[in-house]
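Visitor: Could you give me a close look at a single part of this model, and then connect it with whatever else has been computed? A plain account will do.

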Amino acid sequence: MSDEITDNSGSKVYLQIDRLTKKFGNFVALDSVSLEVYEGEFVCFLGPSGCGKTTLLRAIAGLDIQTSGTVRQADTDISALPPSERDFGIVFQSYALFPNLTAERNIAFGLENQKLGKSAVDKRVNELLDLVGLPDQGPKYPAQLSGGQQQRIALARALATSPGLLLLDEPLSALDAKVRAHLRHEIKDLQRRLGVTTVMVTHDQEEALTMADRIVVMNQGVIEQVGTPTNIYREPDTLFVADFIGAMNQVEGRINGDNSVSIGELSFTSRNHGLASDTPVVAAIRPEDIVPQGMGDYSSSDSNTENSLEAEIEDMEFLGSFWRVSLSSSALGDATLMADMSINAIRSLEVNTGSTIRVKLPADRLWIFPPSANT
């Protein structure tokens, strides 16, 4: 079609969601949500419980038909189609394997419904068992497999019919941390090799950051922001996104003027905010962006002391690869700042609880948000 939508790389829109609304009685679970997913893309719906991410996935699958709005897949309106007539494979958190069928028969289930011959089914099942790294586990029943192995079989079953769309509903949340970390890498690698357009629901920010090409951050039935993992983390549009993704210091302040904010007795240059003078705001900065003087690009030899202050170390928490340090200063009022400092920085500056150090809050990493954005 001449009106096909593409992204900057030339990829076509594969899934188009337009003004999707879903109500359960008086409760609005999705509020006019619009989104485009490109061919071969891995997209994560991320947000807290009750934000609408699973409802959106189920609407795409036809498991919960929307109240209004449309869903188009591969240029076809599928808004009113039942799940059986939609082109997708789905993997659930609970694996949802048939306990009375072996792993290979679980994988073959969808293929047998397509009335393929036995030899064709067996060949495809063996291909899929190899694909998910379980070539010898076919004769076993689900109860004889570990959680990670069961989820691999569930993934193989979802891919058996070569669907155009793969839907993953919190597929790793029932697994322990080590297996989860390993399997998310395997799933992403598999998705890249197959090139299948994939949508995954998760509440785990680390999962979304490591697996997604783009993240859709949701809150209270609406989309707060869509972007690459780097963009979502480093350039949050709202205080909700800034707070939900990673650790974030949040301090009450008041606008002085363009690119300037007062916190306690101090004035700081900040990122551009476009807010009127004397507006109450929340100033936000990530712990890793607070720079101890004498280290890195913002060293004590820098004659520009803008945005620096002396602070006392109230507490130090060792987190393996770095220390999380709690900082306080009478000039900041009641505010406490968390700063993440490398082991080398701690050693070089010889800091301990009770020490006083000078730190810098780089203007380009100091965000300003209206308090009302913090939901």
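Guide: T230 lies in helix α7, which covers residues 229-234. The model is a predicted one, and what follows should be read with that in mind. T230 has a relative accessible area of 57%, and because exposed means over 50%, T230 counts as exposed. T210 stands 20 residues from T230 along the chain, and the C-alpha atoms of the two are separated by 10 Å.

S355 can be set beside T230. S355 belongs to the loop between α9 (343-349) and β19 (356-360). With a relative accessible area of 18%, S355 is classed as buried, because the limit for that class is under 20%. Leaving out residues up to four places away in sequence, S355 touches A311, E312, I313 and E350.

Those two residues sit in a chain of 375 residues, of which 47% are buried. The chain has nine helices and 20 strands. Along its principal axes, the C-alpha trace spans about 75 × 45 × 40 Å. Taking contacts between residues at least 6 apart in sequence, 66% join residues at least 24 apart.

The helix packing is best followed from α4, residues 147-159. Three helix pairs involving α4 are described here, beginning with α2.

Helix α2 (residues 103-113) packs on α4 with the axes 7 Å apart and at an angle of about 25 degrees. Since angles under 35 degrees count as roughly parallel, α2 is roughly parallel to α4. The crossing of this pair is right-handed. On the α2 side the contact involves A103, N106 and I107, and on the α4 side I153, A156 and R157. By class, four of these residues are nonpolar, one is polar and one is charged.

The second pair is α3 with α4. Helix α3 (residues 118-131) and α4 have axes 9 Å apart, and they pack at an angle of about 135 degrees. That angle makes α3 oblique to α4, because roughly antiparallel would require over 145 degrees. α3 passes α4 in a right-handed crossing. From α3 the contact takes R124, L128, L129 and L131, and from α4 it takes I153, A156 and L159. Six of the residues in this contact are nonpolar, one is charged and none is polar. I153 and A156 of α4 therefore take part in the contact with α3 as well as in the contact with α2, by the 4.5 Å definition of contact.

The third pair is α4 with α5 (residues 177-194), whose axes come within 11 Å and cross at roughly 20 degrees. α4 and α5 are therefore roughly parallel to each other. Their crossing is right-handed. α4 contributes G148, Q151, R152, L155 and L159 to the contact. α5 contributes V179, H182, L183, E186, I187, L190 and L194. The classes in this contact are seven nonpolar, three polar and two charged residues. L159 of α4 is listed in the contact with α5 and also in the contact with α3. As background to such lists, an α-helix has 3.6 residues a turn, so residues three or four places apart point the same way.

Helix α1 (residues 53-61) is mostly covered, with seven of its nine residues buried. The buried residues in α1 are K53, T55, L56, L57, A59, I60 and A61. After α1 comes G62, whose phi is positive, near 85 degrees.

The cysteines remain. The structure holds zero disulfides. C44 is in no disulfide, and the nearest cysteine sulfur to it, that of C51, is 12 Å away. C51 is likewise in no disulfide, its nearest cysteine sulfur being that of C44 at 12 Å. A disulfide would need the two sulfur atoms within 2.5 Å. C44 counts as buried because its relative accessibility is 0%. C51 also counts as buried, because its relative accessibility is 2%.

To return to the starting point, T230 of α7 is exposed at 57%, whereas S355 is buried at 18%.

Definitions and conventions: Residues are numbered from 1 along each chain as its sequence is written. This is a predicted model: local features need pLDDT of at least 70, side-chain atom pairs count only at pLDDT 80 or more; totals for chains, interfaces and linings use all residues. Side-chain values use heavy atoms; hydrogens and water are left out. Buried means under 20% relative accessible area, exposed over 50%, partly exposed in between (1.4 Å probe, protein chains only). Axes are lines fitted to C-alpha atoms, for helices over the stretch in contact, and angles run from 0 to 180 degrees between N-to-C directions. Helices (H or I, at least four residues) and strands (E, at least two) are DSSP runs, numbered from the N terminus. Angles under 35 degrees count as roughly parallel, over 145 as roughly antiparallel, 65 to 115 as roughly perpendicular and the rest as oblique. A crossing is left-handed if the near helix is turned anticlockwise from the far one by less than a right angle, and right-handed if clockwise. Ala, Val, Leu, Ile, Met, Phe, Trp, Tyr, Cys and Pro count as nonpolar, Asp, Glu, Lys and Arg as charged, and the others, Gly among them, as polar.
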